[in-house]
Amino acid sequence: MPTKRVASTALEAFIAEGIRLAKERGYNPTIFVGMRHQHGTIDAIERLVQSGDMQSGFKRLKQLGLIDWTIESAVIKFPAEFSNNARQCAEWRLQQVRRKSS
């Protein structure tokens with residue numbers, strides 16, 4: 001069984017704050033929270049960001065005005081903690097949202 005990669009304290013704090021803000025606005029990201037518990041923060045984020053699907057949590061956070069608190073934003077904010085592929089996928093998703101918003 002592979003060892004979970006350990007996220008930095010700053011990344012964990014960023015994710016915890018994003019979850020807090022989402023809950024404050026009525027959205028509880030239970031799927032992500034469960035994956036985070038099962039796989040660890042970094043692996044859960046990498047799995048979701050690299051998935052071909054636009055995640056429901058990403059869409060919901062966009063609706064709530066919390067795009068800066070998405071896991072994609074976490075990947076961009078803490079690039080050294082993620083794979084090159086995860087960074088590219090996160091950047092692409094964020095570009096798609098910004099393009100549609102302008």
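Start by selecting phenylalanine 78, which is buried at a relative accessible area of 14%, where buried means under 20%, exposed over 50% and partly exposed in between, with a 1.4 Å probe and protein chains only. The model is a predicted one, in which local features need pLDDT of at least 70 and side-chain atom pairs count only at pLDDT 80 or more, while totals for chains, interfaces and linings use all residues. Residues are numbered from 1 along each chain as its sequence is written, and side-chain values use heavy atoms, leaving out hydrogens and water.

Next, add phenylalanine 14, which is buried as well, with a relative accessible area of 8%. The ring centres of phenylalanine 14 and phenylalanine 78 lie 5.8 Å apart with the planes at 65 degrees, so this pair is edge-to-face; rings of Phe, Tyr and Trp (its six-membered ring) pair if their centres lie within 6.5 Å, and planes under 30 degrees apart count as stacked, over 60 as edge-to-face and the rest as tilted.

Now select tryptophan 69, which is partly exposed at 28% relative accessibility. Ring pairs join Phe14, Trp69 and Phe78 into a cluster.

Then turn to the largest nonpolar core, a set of buried Ala, Val, Leu, Ile, Met, Phe, Trp, Tyr and Cys residues joined through side-chain atoms within 4.5 Å. Of its 19 residues, Leu11, Ile15, Phe32, Ile45, Ile71 and Phe82 touch the most other members.

Finally, select phenylalanine 32, which, leaving aside neighbours within four places in sequence, is in contact with Ile15, Ile19, Ala44, Ile45, Leu48 and Ile71, contact meaning heavy atoms within 4.5 Å.
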